[in-house]
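I opened my notebook to look up a few helices and some backbone angles. Here is what I jotted down, entry by entry.

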Amino acid sequence: MSIIPFNHVMAAHCESGTLTALLNHHGLKISEPMVFGISSGIFFGYMKTPMLAFPSVITRIRPGHIRKNFAKRTGIKFVTKKFRNPDKAEKELDKLLEQNQPVAVQVDFFYLDYFPSWYRIHINVHFLTIIGKKGDNYIVSDCYHPQIAEISRSALRKGRFARGSMAPHGFMYYPVNVPHQLDFNKEVIKGIKNTAFNMLKIPLPFLGVKGIRRFADKIVEWPKYARDTEQLAHEIFKINILLEDQGTGGAGFRYIYASFLREAASILNKPELITLSKRLLDIGDGWREISLFAARMAKNRDLNNGRLREMGDMIREKADLEEVFFKELKQIIA
Amino acid sequence: MKEKDLLVDFKKHQLVLYAEKNDEDIGPVQTGSYMARNYLDEFHYLMGNLEKSMYEKLQNGEISPIYLYMTLEELTVSELAARVQIPLRRVKKHLTPKHFANIHVYELKRYADVFNIPVANLFQIISTRQDSKWRMSFIDEEEMAKPATISQVETNNAFVVITKPELNKP
């Protein structure tokens, strides 16, 4: 089997990056920020569940919903499949590759051995594109990897069929009948309206702007969840990783959403969105300061209650700014 | 943030951020990771300490190998139970040396698959370097400096690997 000619590029985020690459492959010229914005990708949640070793934050909508929302709003059809049987999943993948169809798959990031071992964690919601097969290895376009990579059949199988939270169940998809041009006007408006709703109106205290405030309030309690200072330092470090390093485009997706608003301003002929885009860049810079603050705190083991309160105050300020921001965004689009 | 303020020279970990370009447009910038460049050593230090303390507890009979790998791979007991498809109550027992002794071989295989290690590694500590296929090597430079590598090659028998020590080339 051979490799399908595919334009491999790195992207900010795996789900939006993979989707964008596939749409581009099928001839639709669209940017990752536009895909992200139409899908209402930006979000915030403060999560504490038995499935998580420690409280955590999310800065995007539920995995899988970027593609779902994009499909719903644009009308572009995707063939999606899940499998109980790994052999059947593999057979279907091979069949599609033979038809020169690149396929997006969902995997547990931990089994992707083309990344260094220190980078790999158990998270079941990574997306990548399979673009060929060479012997017993699959050829991968992973938007977190600088080059096209290879993964063994057994590693890919483990990744595709890992169990646990948000298990992939062999999930795969590819788009069909993709138009080469789309008027994004309606889709952009829907995307922005839904984003404003998600950030302002969901009646749960750990989601949206309320979620940012909960994070601000709860960070001072983190020492009681840690077994020792070193674990607490490790978890505080992770704030930086979650906001900056784990595929967000910087500042917890705030920079990529600012880029989307810049494009939206032109599509909707609303220059006010350029002003909002600049404000969101500033808000993002504030988040970046928080993540750097967290990294310094952790490195210096400066983790006392006073420091945690200080970080809580910085986070609370972001909540206030984002509340005003999303209210204004909603008004502009209304 | 401006593009020039985001650029970091670090080839080991590249990512894409969005930044203001020279013409005031916002676009993607491929850069090294600031966090990795400045704090990867600290991460290795923290995880290395955790690994050392876990291995000591393992050798002293205070924890089971299941507890060790679960901790190093940052899984909760609930998440591990869901991944290995073994009842939570039983997984909790397997975290202790006493009940680990009663584990079934098929359960060992399930744990090993989730941890991405050969089953044999649940019964041994490899003190020299291993090939990176199997082990999360937290301190790369230390591993690379070791004189020998243990490579473990899968066979068609899911429970068996071929273990080969190899001298590292200087």
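**Entry 1: a helix pair in chain A.** The model is predicted, so I read every value as computed from it. I began with handedness: α8(A) and α10(A) cross in a left-handed way. The contact is made on the α8(A) side by Ala233(A), Ile236(A), Phe237(A), Ile239(A), Asn240(A), Leu243(A) and Glu244(A). From α10(A), the residues taking part include Trp287(A), Arg288(A), Leu292(A) and Met297(A).

Next I wanted the geometry, since two packed helices are described by the angle between their axes and the distance between the axes. For α8 (residues 229-245) and α10 (residues 272-299) of chain A, I noted axes that come within 8 Å and cross at roughly 155°. Angles over 145 degrees count as roughly antiparallel, and α8(A) and α10(A) are therefore roughly antiparallel to each other.

**Entry 2: helix α4 of chain A.** Does its length add up, I wondered, and what should the span be for 13 residues at 1.5 Å a residue? The expected span for residues 86-98 is 18 Å, and the end C-alpha atoms are 18 Å apart, which agrees.

Then I asked myself which residues of α4(A) are buried. I found Ala89(A), Leu93(A) and Leu97(A). They cover an arc of only 70° around the axis, so they sit on the same side of α4(A). These buried residues pack against β4 (103-107), β5 (126-134), α5 (153-160) and β8 (172-176) of chain A. On the face turned away from the buried side I listed the exposed residues Asp87(A), Lys88(A), Lys91(A), Lys95(A) and Glu98(A). After α4(A) comes Asn100(A), with a positive phi near 60°.

**Entry 3: positive phi in chain B.** I moved on to chain B and noted Glu74(B), which is not a glycine yet has a positive phi near 55°. I located Glu74(B) in the loop between α3 (65-72) and α4 (77-84) of chain B. Glu74(B) counts as partly exposed because it has 17 C-beta neighbours inside 10 Å.

Asn116(B), also not a glycine, has a positive phi of about 65°. I placed Asn116(B) in the loop between α7 and β3 of chain B. Buried or exposed, with 24 C-beta neighbours inside 10 Å? Asn116(B) counts as buried.

**Entry 4: Ile125(B).** I found Ile125(B) in the loop between α7 (105-115) and β3 (129-130) of chain B. Ile125(B) has 10 C-beta neighbours inside 10 Å, so I wrote it down as exposed. My last note is that Ile125(B) and Pro65(B) are 60 residues apart in sequence, with their C-alpha atoms 9.7 Å apart in space.

Definitions and conventions. Residues are numbered from 1 along each chain as its sequence is written. Chains are lettered from A and ligands numbered from 1 in the order in which they are written. This is a predicted model: local features need pLDDT of at least 70, side-chain atom pairs count only at pLDDT 80 or more; totals for chains, interfaces and linings use all residues. Helices (H or I, at least four residues) and strands (E, at least two) are DSSP runs, numbered from the N terminus. The expected span of a helix is 1.5 Å times one less than its number of residues. A residue is buried if 20 or more other C-beta atoms lie within 10 Å of its own, exposed if 12 or fewer, and partly exposed in between; C-beta atoms are placed from the backbone. The arc is that of the directions from the helix axis to the C-beta atoms. Two residues are in contact if their C-beta atoms, placed from the backbone, lie within 7 Å. Axes are lines fitted to C-alpha atoms, for helices over the stretch in contact, and angles run from 0 to 180 degrees between N-to-C directions. Angles under 35 degrees count as roughly parallel, over 145 as roughly antiparallel, 65 to 115 as roughly perpendicular and the rest as oblique. A crossing is left-handed if the near helix is turned anticlockwise from the far one by less than a right angle, and right-handed if clockwise.
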